[in-house]
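Me: Could you take a close look at one part of this protein for me, the surroundings of the lysine that carries a database annotation? I would like a careful, connected account.

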Amino acid sequence: MTTQTRSASSRKAPATSKALQQKILHHLHTTQGTYPEKASALAWWEATAAAINEFVMAGLTDTQKTHSRYDTRAVNYLSMEFLMGRLLSNNLHNLHLFETTDKALAALGQNLTDILEQEPDMALGNGGLGRLAACFLDSLATLNYPAVGYGIHYEHGLFEQHFRNGRQIERPDDWREYGNPWEVCRPESVQQIKLYGYVETVYEDGRARKVWHPGRNIKAVPWDIPVVGYNGANVNILRLWESRATDFFDWDVFNAGGYVDAQIEQAEAEAISKVLYPNDETEAGKELRLIQQYFFSAASLADIVRRYQRAHGDDWTQFPKLVAIQLNDTHPAVAIPELMRILIDDKDMDWNHAWQLCHQVFSYTNHTLLPEALEKWDLHLFEKVLPRHLELIYEINHHFLTEEVEQKWPGDDGVKSRLSIIEEGARRMVRMGHLSVIGSHRVNGVAEVHSELVKSDLFPDFHALWPHKLTNVTNGITPRRWLKACNPRLAELIDRHASKDWPVRLDKLQKLTDLADDARFQNAFMKIKHENKEELADVIKALTGIEVDPGAIFDIQIKRLHEYKRQHLNLLHILALYRRLLENPDHDMVPRVFIFGAKAAPGYRLAKDIIFAINKVADRINNDERVGGKLKVVMLPNYRVSLAEKMIPAADVSEQISTAGKEASGTGNMKLALNGALTIGTLDGANIEIAEEAGEDNVFIFGLTVDEVKALNSRGYNPYDYYLNDAELKAVVDWLDTDYFTPGQPGALSSIKHSLLDGGDPFLVLADFRSYAEAQLKVDARYRDRKAWARSAIINTATMGKFNSDRSIQDYVDRIWKLKPYPRDNA
Ligand code: GPK
């Protein structure tokens, strides 16, 4: 096979619906122990998954054989988060078994759509960073690149969100409560992980060597989740590590009567992979979090080294030729000193040789400039947990400062302290970003503007030192999940009007621009949008009881709740619309439904207050007859991948309103535009590239630019300048201080007002308010011109080819990983 991927049209379903029916029944009987008349929906789902797994596993073993036969170079993608969502629908689409399974189940009296709803989301991530990792795995498999995802087998993923009286309540996620049909445990690849203890220097043959006497041993048990490429391409693995106590319990302690102590030991070991930290873009500095990072990084490296040595023994010359390791943010940065430890302490290599190997294999992706998200560890904590690694970090730092920095800037102590891995001060800190840059041969940002800011603002001295190290790879999304699977009506329309291989060649959607002015195509496109909105209206009704009109503009903001993402800017504008309607019931506006989905980190007070405010404002507006159905506000509970799949196809407007310079890229912006939503957004992250692709006429850009934000901040920003000079803005901000939305509880929403005024409005909400409100008027005007709207929506879908995650992966391959594709034998 010469081509990387077969064309979609040439691919046939690998089974007939009759054969599949038999398999499903077989599994219903033999793995579920039940029969059709009695089986629950969950049992049908399990049986269907088991039937599909036969194809998945065949692909998996063929792929693994191919990789070992050709001794392939592979990328190892280390990430604390993989936000996979549900797998059955995705696997069915990628195997071209969706229609067949639909038919097979129908013949058995079952409905595939309902059965798909049985699957719990695999929510082992917080947001963009984790979902990006999941899209990348899909693309790596589809493009036949050898790749392993490495992460943590959290027992509890991201919490389930409920609302009680409008406030967010968290409940534990229990995705594996009833087992998981996709994962395979691999006891043969268990690893032992060391922690704590002390380092001894021993002298042997006149040489000093370091011996780490760990205080604790933990077992890392791998679970493999198959990742099925599109078109029957390769099946790669996502390997997730679970922590266990080394022995079931300590028999000495047990025999001495310490049963409880033995249990505690076990509970402590298992705590490591117990739960995903629910903070997005903040660093808590917690010991357990550092242990999680080391636990999975060390287990993954041991696995990588084991796989390498199985083929190459102690010949390390091939190591950098066969191994690439991508650090998804700084979370796995401790892998750098860990590889040094393995090579030096365990494999007896000298420093220079080890460093040269290390430096060639690692590369690092930066996902944020927010200072609170840039990881630093307290040096004493680090030393307690990883004493040997701190020594190695000192040594890496010493070589770096005395060789590289001193060469470039002789005698300059200022630059040395800025570049040092160790931050000096009252509390000495280990800077994980610095460690990652120094230990990697490439560092990338995730959108053009962000990567430029990484060079100019975050790491300017590193950029001066190594002008070729910092680069850009703009993020992408998999069109298989985010168009083909989630929006079947639009996918089918595209099948009829563009080249059928669009799921792997998304650039081919460009052809639809020719139809942007075609009345029939416009009608077909808008009819689909309307049907999708009807479906979402049903979901909204079922989840919240709120009735919304699919004829209204569906205006959607879905992402983590964060001040920099500015859900409260959206809220202030909603209040302004509400106020206009109350002042003039005939106020002319296209009916609009503002729909939110967002989880707040459990400890992020203001974010939770903003959720509360949205819910309270929604209650009031939705029940106010005076707005005449022109305005509705919905906050859907428990936003997650599977809910996004229902919201995105139904969006008319995509809210991408972060303060310029703060959103590294965004990927929801890409998913919404691909599904025909028009963006209202700032010139931030990938919005800039979306506007370039779609054309400025087909997006609504507003607000301060990155340069204007910097200028305003250095002049000295005073939110009162805006508050006192804009009567409408003042009125809506003051509204938050009354009990209008929280009867009997004045002040319940005033934390938001406070943050915007006396709190200094760090994200310039007030500065951008007027410009945002004006852009919203343009949205309204465009929507009244149905043809103009349809045209823009079609052009958005047609021009999003660049944001295929296959393109992102190809950029990584060309600029960083240098992989070759290996389609599996027997495919
Ligand atoms: C960035 F730093 C982080 C983080 O901790 N979590 C996270 O989801 C996001 N991100 C950025 O905020 C997005 O702009 C970006 O598209 C996404 O990572 C993927 O790169």
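Reply: Leaving aside residues up to four places away in sequence, Lys671 touches Ile477, Trp482 and Ile648. This comes from a predicted model, and the residue is of interest here since the UniProt record, an unreviewed entry, annotates Lys671 as "modified residue: N6-(pyridoxal phosphate)lysine". Within the fold, Lys671 is found in helix H25, which covers residues 668-674. Lys671 counts as buried because 30 other C-beta atoms lie within 10 Å, and the cut-off for that class is 20 or more.

For contrast, Pro187 sits in the loop that runs between strand E7 (184-185) and strand E8 (191-195). Pro187 has 7 other C-beta atoms within 10 Å and is therefore exposed. From C-alpha to C-alpha, Pro187 is 40 Å in space from Leu506, with their positions 319 residues apart in sequence.

A helix pair can be added to the picture. Helix H22 (residues 567-583) and helix H31 (residues 765-784) have axes that come within 10 Å and cross at roughly 55°, which means that H22 is oblique to H31. The crossing of these two helices, H22 and H31, is right-handed. On the H22 side the contact is made by His568, Leu569, Leu572, His573 and Ala576, while H31 contributes Val765, Asp768, Phe769, Tyr772, Ala773 and Gln776. Sorted by class, the contact of H22 with H31 holds seven nonpolar residues, three polar residues and one charged residue.

Note on methods:
Residues are numbered from 1 along each chain as its sequence is written. This is a predicted model: local features need pLDDT of at least 70, side-chain atom pairs count only at pLDDT 80 or more; totals for chains, interfaces and linings use all residues. Axes are lines fitted to C-alpha atoms, for helices over the stretch in contact, and angles run from 0 to 180 degrees between N-to-C directions. Helices (H or I, at least four residues) and strands (E, at least two) are DSSP runs, numbered from the N terminus. Angles under 35 degrees count as roughly parallel, over 145 as roughly antiparallel, 65 to 115 as roughly perpendicular and the rest as oblique. A crossing is left-handed if the near helix is turned anticlockwise from the far one by less than a right angle, and right-handed if clockwise. Two residues are in contact if their C-beta atoms, placed from the backbone, lie within 7 Å. Ala, Val, Leu, Ile, Met, Phe, Trp, Tyr, Cys and Pro count as nonpolar, Asp, Glu, Lys and Arg as charged, and the others, Gly among them, as polar. UniProt positions are given in the numbering used here, feature names are shortened, and annotations may be inferred rather than shown by experiment. A residue is buried if 20 or more other C-beta atoms lie within 10 Å of its own, exposed if 12 or fewer, and partly exposed in between; C-beta atoms are placed from the backbone.
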